[in-house]
Amino acid sequence: MAIYTPRKMSSRSQRKKGWTHKIAGWTGILLRKEMKSTQFQAQPMVTGTQRLWKLKRLSKISTMFIGVGLAMLAAGWLSSRLVIRSDIFRLTEIRVSGTRTLTERQVLDLAGLQQGVSLLQFDVKAVENRIAAHPWVEQVNVTVHWPSAVEIDLCENQPFAVVNIEENKEKRLRYINRAGHVFAEVGQGQELDFPVITGVHLQQDLVSDTFVKGGLAEAACNILLLAARGNAILPIQSVSEVHLDPKQGIVVYLIDRPFPVYFGTERLQTKYYRLVKVLEHLYAKKQVDTVKEIRMDYLDDKVLVTGAEIDG
């Protein structure tokens, strides 16, 4: 049986091993010291003096920003005042178009415009509202042409007929347009060469300056609209009066003929065109001067002319 004898380590190896143990020991000591110092190191304390210094610094920064903002606002206000007072945007030219009844002076008075005002303070909508409040104005458009001109374009109400409105035993003549809207009083010296609708009562036939829907006044306006289409036998220029009668319905009078034409209240468009044929026949036969009345409401398919019966 063989006997193993451990080999002795050389002196050089022993020295190396000793140095290794020493280095490891020193390293451990240093690490333990560093860990202790890190573990028990006191946190830095913020003193009251430091807090006060920080607050003062923030206050100075805020004050600086507020001051800059106020300076900018003041500079903007001064700049705007200088621009407003300058002559660059002063109104020097006013153009008015579309007037027929109104004069240019009346329009300018309504607008409240004067040359020399600053257009930077010009309120277009307010000017349009003031002009549109006039009864003769149907539509208005105000345009600013920078830097110094304003254009006012009007569309006036066009009279289509005159309505005689009865209210509390008083009568007033007013103009109406094609839409049946009553828009202005007939003034002294104004044109009256229009058909007149009579027998109109306020609240009964007219509400808020408009004919009552489905009423006799609206029907009378519709007859005039048919005549306004330009029929050579019965144009609107030949109609003198359209009267509203509670019992007879609508009664039409012609300018150059004294006799009444009774329309009744129904099928007015059919009766209008039938009347055109009747008048054409009477003119052709030269019998119109002998007529005393024409009843369009006599029968559904008949027209009664005083002294004769005409198929219609």
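In the predicted model, isoleucine 294 is in contact with a broad set of residues beyond its neighbours within four places in sequence. Among them are Phe259, Pro260, Val261 and Tyr262. Leu275, Val278, Leu279 and Leu282 also contact isoleucine 294. Val303, Leu304 and Val305 complete the list.

Ile294 belongs to the largest nonpolar core, which holds 42 residues. Together with Ile197, Phe211, Ile250 and Phe263, Ile294 touches the most other members of this core. Helix 5 (residues 216-227) supplies the largest share, 8 residues. Apart from this core lies another, of 26 residues. Its members include Val107, Val140, Phe183 and Ala184.

Val107 also features in helix 3 (residues 104-111), where Val107, Leu108 and Ala111 are buried. These three residues lie on the same side of helix 3, because they cover an arc of only 95 degrees around the axis. An α-helix has 3.6 residues a turn, so residues three or four places apart point the same way. The buried residues of helix 3 pack against three elements: strand 1 (93-97), helix 4 (124-132) and strand 3 (149-156). Just after helix 3, glycine 112 adopts a positive phi of about 70 degrees.

Asparagine 164 is located in strand 4 (residues 161-167). Asparagine 164 counts as buried because its relative accessibility is 13%, and buried means under 20%. Beyond its neighbours within four places in sequence, asparagine 164 contacts Lys171, Arg172 and Leu173. Asparagine 164 is also in contact with Val196, Ile197, Thr198, Gly199 and Val200. One of these, Ile197, is a member of the largest nonpolar core.

Conventions:
Residues are numbered from 1 along each chain as its sequence is written. This is a predicted model: local features need pLDDT of at least 70, side-chain atom pairs count only at pLDDT 80 or more; totals for chains, interfaces and linings use all residues. Side-chain values use heavy atoms; hydrogens and water are left out. A nonpolar core is a set of buried Ala, Val, Leu, Ile, Met, Phe, Trp, Tyr and Cys residues joined through side-chain atoms within 4.5 Å. Buried means under 20% relative accessible area, exposed over 50%, partly exposed in between (1.4 Å probe, protein chains only). Helices (H or I, at least four residues) and strands (E, at least two) are DSSP runs, numbered from the N terminus. Contact means heavy atoms within 4.5 Å. The arc is that of the directions from the helix axis to the C-beta atoms.
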